Every structure is written in structure tokens, then in C-alpha cells.
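Please open the model in your viewer and keep the sequence panel beside it. The tour below moves from one selection to the next, and at each stop it says what to select and what is there.

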Amino acid sequence: MALRKEQVLLLVTVAFTVWWAMGLKPTDAGRRPRPKIKELPAVATPRSILADPTGTPTAVRELFVEPSESQPLPPKADLPFYPLGTLPVVVLPLEIGQQPRAYFQLRHVLAMAPASSSKEPKSEPKDAGSEQPKSGNGNPAPKPGPAAPTNPNTASDPSLVYDCLHKDGSKFWGIFLGKDTLKYDIAMRRSVAPGTEFRFQWINPKDGTTHDELKVKVSEITKLELARTLRNEVGLRTRGLEPRSTNVEQQRDLLFWLLETAQVEPWVYDVALERVESYRKFVTPKEHGYLYRAKVLAAMGDLAAEYRMFKDIEADLQGSSFQLRGLGMVEARLGLDKLAEKHLRAAVALNKPLDPRNYAALAEFLLDRGRVVEAVEPANNAVVYKSRNDPTDADVLSFHAVKVRAMLAVGDLAGATDALPQGISSELQVRATYLGALVAYAKQSVDSALTDFESCAQSGKIDDALLGVAACKLVKGDLAAARTAFEQIADANPRLRHLAQAGLGLLLGQIEGEGNNAVEMLRASLTTDPTHPYLHYLLGRQLRRNGDLVGAVEPLLQALRLRDDFLEALAELTWVHWGLYRRNNDTGALVRAVRYVDRLVDLDQRQGGKELLFVEMQGRLHYEARDVRAARTAFERGGDRSPFCQIGLALVEYILKRGDRAEDRLQRLRRLKPDDPVRKHAEKLLGMMADHANLEQVVDRFTSFGSGNRKWGTKTNGQARPLPGTESVKLVGAAGRLSGPVYVERTMQGTGRLVSVAIDMMVGADNRSEFAGLVVQIPGSGANAEPQFRVRFGMDDSRKVVLDLTENRKAKEPIRTSIEVTPGQWHTLRLRFATDPENPRQQTLFLHATFDGNPVLPKPLRMAGVRRNASTSGTMQTRLQADCVPLQPLDVQFRDYRRVQLKE
């Protein structure tokens, strides 16, 4: 086949390319490259443009902007927020077992008086320490009245002390001598041999003098009335109930009465233990006998005997759910939690025969350890199976009580209401009423709770009811009645003393001037029960209100160590660290406050987000920490429910230089009623934003001087030169004996346009000048005329900060401070000319001076020589000045000149 023309050309091209490549530099074929190696000289690592190792802050420069020309001001950073609410206080958690995670049910904003010893600065957040002393109805809080007497006058009633013998129509007071059993039998008119003789010591009850001892036969006695003492009452009751199989229920009731009585008189426990041994001989099933013996031993606190009883229980009860439950309950009180939970869960799993007491015991164990969610199911089962295994009415009531406690612990108020017992016997109705009062108290139905508590207290059957009465009176603002009840409980009931003392501490904190006494009372409550987280919380809160922010930290931390989900303690700790930051400018305290508030809100959100104030605090703290994104997230979580969050979102938009969005948000709030405080605050912010938008700033960092910077003029009897690489200007005295001012000067048009001027100044260690600092003046007419207005702010010859003012050519007395200038350190001097915030329409100005951010003047100086206006007429001069001393060195540097003025 013949080749085509195109194919021939292709073959020729390929052959030529191969020949050319083979002939290209044939001497380099197969040679390995050998690059030359040269050692590079070591050079110093350049410093970061973001961090200067010398500690000098690196200035941030805006590209393509002339440094000394006017620039728009950044958004105003100190716009006021809408006021935060006050931290609520948790009122007394009554002994139903309310858990700290559910204390939101007990949050109240009580009418607090300011503590007289409060030392919190005005710049700190408003808190309960600034509230006015009001009672619950809005009236001024009354001063607590004197406590009621707690000890009756026994001398007026001899029957409280002496026996009374009736014989031959006469009545004799005295003391029965001999066997107690005999006198009880006589008093109860039981069969006693008529010839039995006994002795009676006759005593005059008026003066206590004794008469002859009487020897009386039983047949001669008309009537014998024993003294109304507890020992006689116990003897009469026990003597009147002999143990039999036919009166088991009466014996059980007697045991309960003895156990209640023993809480006041411990010797009664011995009587109860003796009675329970006889009771066990007749009661069936056998578990009931052991159960009541365990109740007596537990009340006596004899854990060793109680544990041995369950451990060595008779053979047919070994391994039963009754034994396992008993062991678990004793082990729980001994602190053997793992072993206790193992036995209690084993009792529930075995549960033969089905016994609701096993569920109730497990629920109680879990509740006491804060595992409230786990406790709900066994508590509910205790009520579901309450009729199994022949429970008593008291048992049934206890099953309902544990379910109420579990519902309150998880914050289910509706569930707690449904768990209240129905159809309880009349003997236990008082206890059922008390349980309902506790639920009403948690629901903040204070009037209903108070009525029920008072009913229970009048019955005399429940000591805790008086504590409920006192707590309700405190919430309602009846301080005198609450104080009387708390003092009575603290004196007469050791079991409730710690809560009564806590109530007194909370109450005293509401009275002006009683803050320190409140702290002492709360410290006393902690000596009674040092493991109660509420008491630590209340102490920390009161210390914070007294102004002792540092002292408040440890009690609040201890409350959180005991219960890390204690929201109100977290809120108090957040507030304390926020206050420490504002008081001491401690950024570490601000970081801690942010961390605490984040955890606070996280825990609160998990529990349903029940406190809007916590979200508001979170947004405010993140905003103050310059974490604008997190602040926005928090404010959005509060949303339309919170006026504070609506204002916060507008301020976030503004700080992000989205002024139109900020204005839109604030304009929406102007739709509210004219007298609404939210609308008034929004209008105030709109006005401040508009005023700020009318300002401009001039900045000069002295990168050039002299011919390179036409904005500044100089005084010739000295030297003023820029320092390369420092963006500062240095004033150096002239050689020889010359004296007087050395300065650089800048002039602006419009005497009323100046808002503020600031400069950083540093003096050398060898500097000896009469004055060095910032001068602002309106020159007088004529070459050598005195200035019409002048303010000099800086350092005198003793290196102390000084300020002097001249108005209308008349010098005022200089203001000398104790603040000392440190050589070799940069200090910031700032003068601000502001109108009166109370009368912004008046144009008279007030002078504010700060040194390193701290106010120098005790209060702003009113100036008559300068008024606020945007006129361009007249000139105002700014000088960076140092006054030479002959033959003395001068070494003063200035940097970062900042001037804020009204736009033309």
C-alpha cells in the first residue's frame, strides 16, 4: 500500500525530533547533579507583629488612612444595658426533702433592706443588697417584736409539780413515796389490797416548805391525782396497757407515742425498747415485731444493735426481702452506699411477698443521694402497691410522702399534688394535712400553706408545722411573728434548730443594720449541721450582700461541693466574681464568672429553663467579656420574653457596626406604651447612638514630625523630635541656663467642638521638670495675652498627679493628688468635656479627668468658660508640654494622641 503525503511528513518529523534530542549536550549524559552548598548566617527571629516581647502594645494601623486625619469613631462601648433583675433567694427548704436541683420552687424575691455594712461600689450590678425594706404587701418592713416566753410559770399551777392526795375531805399537796407501780394502780383505781399502806410527803405548794410525812392506807384515800409530769404520763399509759394478743394495735400506737415523746426526753427510749420486746411476743407476722424493734433502735441511734438484729435474724427470715431491706437501710445510715444499694435493689427484685416498703426504702435511699430521677419509679411503685402486705395507715401515708418528695425533687408540682393521700383515717389526718401544706408551700401558694401549717401546729402533733408557719410568715413579710416562731423552735427543738437559725439569719438580713448579726446566726446554724448545702449558700449570699465578696466565695463553693447542681449557689457565685471584676478590674474574676454562668444556664436549661434571669446574666457577662457571638446566642435564647435580651440584641448589632439593625430593634420597642420603662430606655439608647454618630476622632502616632507633619507646631527653646520605631515624640531640654516650657502644639477650630483628648506619657528616671503633661487652652487676644481658658493635667516636680484650671483669666486652686507617676512606665492622661447628664440640653460643660483610667477629681468640675456647640469659630490648642528647670535634665515622651470632637 502506498504511503500518503501526510504520513510521509509525519515520519520525517518524528525522525528529526529523535535525532535532535540524542545530539543535545551529549557530554552531560549520565552525570549526577552536584548543587553548591552555602552556609546561611544566623539571624535573630523577628518579633511578632501581634505581640511585642517588651510588653509595649503594638498599635493596630488602618491601611490607606492618613493617621493624623479625622476618622469615624468606633461604636460607643459603654452604652447602658436595661437593668438586670435581682437574684431571687431560696426560702427555707422544709424537711420534706426538697433537693437543691428543685429549689426553683422556693425562689422568692423577698423585700430586702440594704445592709448597713454594705461596701459594694456603685458600679457593681444591682442586687438584692440594694432593695428597699418592704413587706409582702408593699409597706415598710416592721421591726421584729420581742419573742414570746417559752417557759411557763410552773409555780402558779402546783399540779404540774406535786401529787394531790384527797383524804377525809381534805386535800394535801406533796410527793408520793414508794413504788411507782403502786401509785399508778391507786390513781387508775385498779385492785389494790385495802390494807396496803404507803407514805406521802406533805409539801406547802406556795413556799415549798415540808410538813410531816403521812402514812396512809389505801382504804383511807378518796382520790389520788398524780402530778402532770411526762414520767407519770408514760407510767400511766404503759401500766394501763398490758401486752396481749388482743390489743396489738393499741400496743403499736403506744410505741409510736413513746418514740415521738423520746425526741424530747431521751429516757423514754428505754421504756419503748422494753415495751417492744413484749410486743414481739404476740404480733404476727414475725417481720412486724422486728420492724418495730428496728424503729426503736434506729430512733435510739444504736446502729450496731440494729445491724446485728438484721444480720442474725432467725433462720426462716434469712435471705428474705425483709432482711435485705433492713440491712440496706442500716448500711445506708452507716455510709456504706454501694452495699446498701445492692441489698435494697435485691429486696426490690426478690419482693416476695410483694411489699411496697421495699420500693419506698429504695426511693428514700436514692433521694437522699440526689439521684432524684432514678427515685421516681420506685416511689411511684410504692403508691401503686400500697395495699399489699397488710400495711398500716401510717405506712400508706409514708408511701405517699416519699412519692410527694420525689415529685418535688424533680420539679413536678402537678405530680406532687396528685400524690397527696386521699381517705386517710382521722388519726392521721393531721399528717396528711401537713403533707398538703408542704406541697402548697412548694407551689408558692403561701396563704393556703400558712392556713394548713397553723392548723397542724395547733393540734400539737407535728413539731415541724411551726417551722412551716414561720417560713410562710417570713415570705409574707410578717417579720415579728416569724422571728418569734423561729426563736421558739431554736430553743425547744434540737432536730430543727439549724433550719430555725437559718430562718433567723434570712430574716435578719431583711432588716437594715442587721447584716452582721445575720452572718453570725448563719454561722451558728452551720455548727449545728455543717453538711447542709442550703446553709452554706445562705451564708455566702449574706456575705455578698454585706459587701464581703472575697469572704462569700468559700461558703458558696462549699455549697457546690456538697451539691454541684445547686443553681442558686452558682448564680450567687457568678454575681460575686462579677462584682470582684468590677471592683478590682480583675480579668481572672471575669473569666470565672463567665464559666460559672455558662454552667448555670446549661443546668437550668436541662431542667426546663425556669429562670430567665440566668440567661440575661449569661448574655451580659459574655458581652462584657467581648465575646459578642456568645452574647448574641444567650440574648436570642431569652428572646421576646425578656426586655433585657431585646435591648442586648440591639447593643450586639450596634457593637458589630450594624447600626441600622440596632436602630430597627430599638424602634420596635418604641411601640410600647409611653410610660413603659423599656420604651424609655430604648429611646435613651437611640439618642446616645445619634449623639455618638455626630462625633469624629483625630489620631496621631508621631510617625513623622517637623516638615513631615504640618499639624504640630513647636516651642523653640528646646527640642522635640520623633523617636524612630516607637511612634512617639520626645521633649528634650535645651543646653545652657534656659528655662520655661518645651512643647508641641496642635490647634483645632471651634472651641465648643472638643469632647475629649487623651495622650500616653512617660518620663525618664533623670527627668527634673516643674510640670509635664497635657494642656488644653483657648488663647487670649494679643501676642502675650493670658489664655481665656486653660486646663493643665499632668505631673508636678514631685512626680505627683496635679490638675489646675484657669477660667476667664482667673486661676483656680490647683488640685494635687497622692497619685505618683512611675518613671519608665507609660501612663494615660485623659480630659473629657461633657454636658450634665441630668440636663443634657444645657450647654454648660463639666470637666472629667482620669489617670490610667481612674478618676482624679472627686466630682466633675463645672466650667463657665466653655460651652458645647458645633461652631467653627474660635480656636482651641492642645499642648504636650514639659516645663524646664535650668541646668536640669528633661526627658519626657508622648505617644498616641487621641482627640474626639463634634463633626462640623
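Begin by colouring the whole chain by pLDDT: the protein averages a pLDDT of 78, and 79% of the residues score at least 70. Keep in mind throughout that this is a predicted model.

Two stretches deserve a cautious look before anything else. Select residues 25–30, where pLDDT stays under 50 and where the model has zero contacts beyond four places in sequence. Then select residues 112–155, where pLDDT again stays under 50, although here the model has 103 contacts beyond four places in sequence. Where pLDDT is low, the predicted coordinates should not be read in detail.

**The whole protein**

Now switch to a cartoon view, in which 28 helices and 25 strands make up the secondary structure of the protein. Of the 904 residues in the protein, 48% are buried. If you consider the contacts with a separation of 6 or more, residues 24 or more positions apart account for 61% of them.

**A sheet of five strands and the helix beside it**

Select the strands E4 to E8, which form an open sheet with the order E7-E6-E5-E4-E8 and antiparallel pairing. Strand E7 (210–217) and strand E8 (223–225) stand at the edges with a single partner strand each, so one side of each has no neighbour in the sheet. Direction ignored, neighbouring strands of this sheet are turned by 40° against each other on average.

Within this sheet, focus on strand E4 (residues 163–167) and strand E5 (residues 170–177), which pair in the antiparallel sense over five bridges. Show the side chain of Leu165, and opposite this residue you will find Phe172 in E5.

Next select helix H2 (residues 180–187), whose buried residues are Leu182, Lys183, Tyr184, Asp185 and Ile186. What covers these buried residues? The cover includes strands E5, E6 (197–203) and E8 from the sheet, together with helix H3 (230–239). H2 is followed by Arg189, which has a positive phi, near 60°.

**A buried arginine in H8**

Move on to Arg325, which lies in helix H8 (residues 321–333). Its relative accessibility is 5%, so Arg325 counts as buried. Show the side chains of Arg325 and Asn358, which are joined by a polar contact of 2.7 Å. If the neighbours within four places in sequence are left aside, Arg325 is in contact with Leu291, Leu344, Ala347, Asp355, Arg357, Asn358 and Ala361.

**An exposed threonine in a loop**

Select Thr531 in the loop between helix H19 (515–528) and helix H20 (533–545). Is this threonine buried or exposed? At 53% relative accessibility, Thr531 counts as exposed. Its side chain makes a polar contact of 2.9 Å with the side chain of Asp529. Add Leu562 to the selection as well: Thr531 and Leu562 are 31 residues apart in sequence, while their C-alpha atoms are 7.3 Å apart in space.

**Helix H25 and its buried face**

Go on to helix H25 (residues 628–638), and highlight its buried residues, which are Val628, Ala631, Arg632, Ala634, Phe635 and Gly638. Turn the view until you look down the axis of H25, and these buried residues fall within an arc of 165°, so they line one face of the helix. They pack against helix H24 (612–624) and helix H26 (643–655). Just after H25 comes Gly639, whose phi is positive, near 60°.

**A second arginine, in H28**

Select Arg679, found in helix H28 (residues 677–693). Arg679 has 18% relative accessibility and therefore counts as buried. A polar atom of its side chain lies 2.8 Å from the backbone oxygen of Leu672. Not counting residues up to four places away in sequence, Arg679 touches Leu669, Arg670, Leu672, Lys673 and Pro674.

**A largely enclosed strand**

The last stop is strand E13 (residues 740–749), where seven of the 10 residues are buried, so the strand is largely enclosed by the rest of the structure. Add strand E24 (residues 875–884), which runs antiparallel to E13 and is joined to E13 by 10 bridges. To see one of these pairings, show Met748, whose bridge partner in E24 is Met876.

Terms used
Residues are numbered from 1 along each chain as its sequence is written. This is a predicted model: local features need pLDDT of at least 70, side-chain atom pairs count only at pLDDT 80 or more; totals for chains, interfaces and linings use all residues. Side-chain values use heavy atoms; hydrogens and water are left out. Buried means under 20% relative accessible area, exposed over 50%, partly exposed in between (1.4 Å probe, protein chains only). Helices (H or I, at least four residues) and strands (E, at least two) are DSSP runs, numbered from the N terminus. The arc is that of the directions from the helix axis to the C-beta atoms. Contact means heavy atoms within 4.5 Å. Two strands pair if DSSP finds at least two bridges between them. Axes are lines fitted to C-alpha atoms, for helices over the stretch in contact, and angles run from 0 to 180 degrees between N-to-C directions. pLDDT is the predictor's confidence in each residue, from 0 to 100. A polar contact is a pair of N or O atoms within 3.5 Å; within protein, one must be able to donate a hydrogen and the other to accept it, and residues adjacent in sequence count only if both atoms are side-chain atoms.
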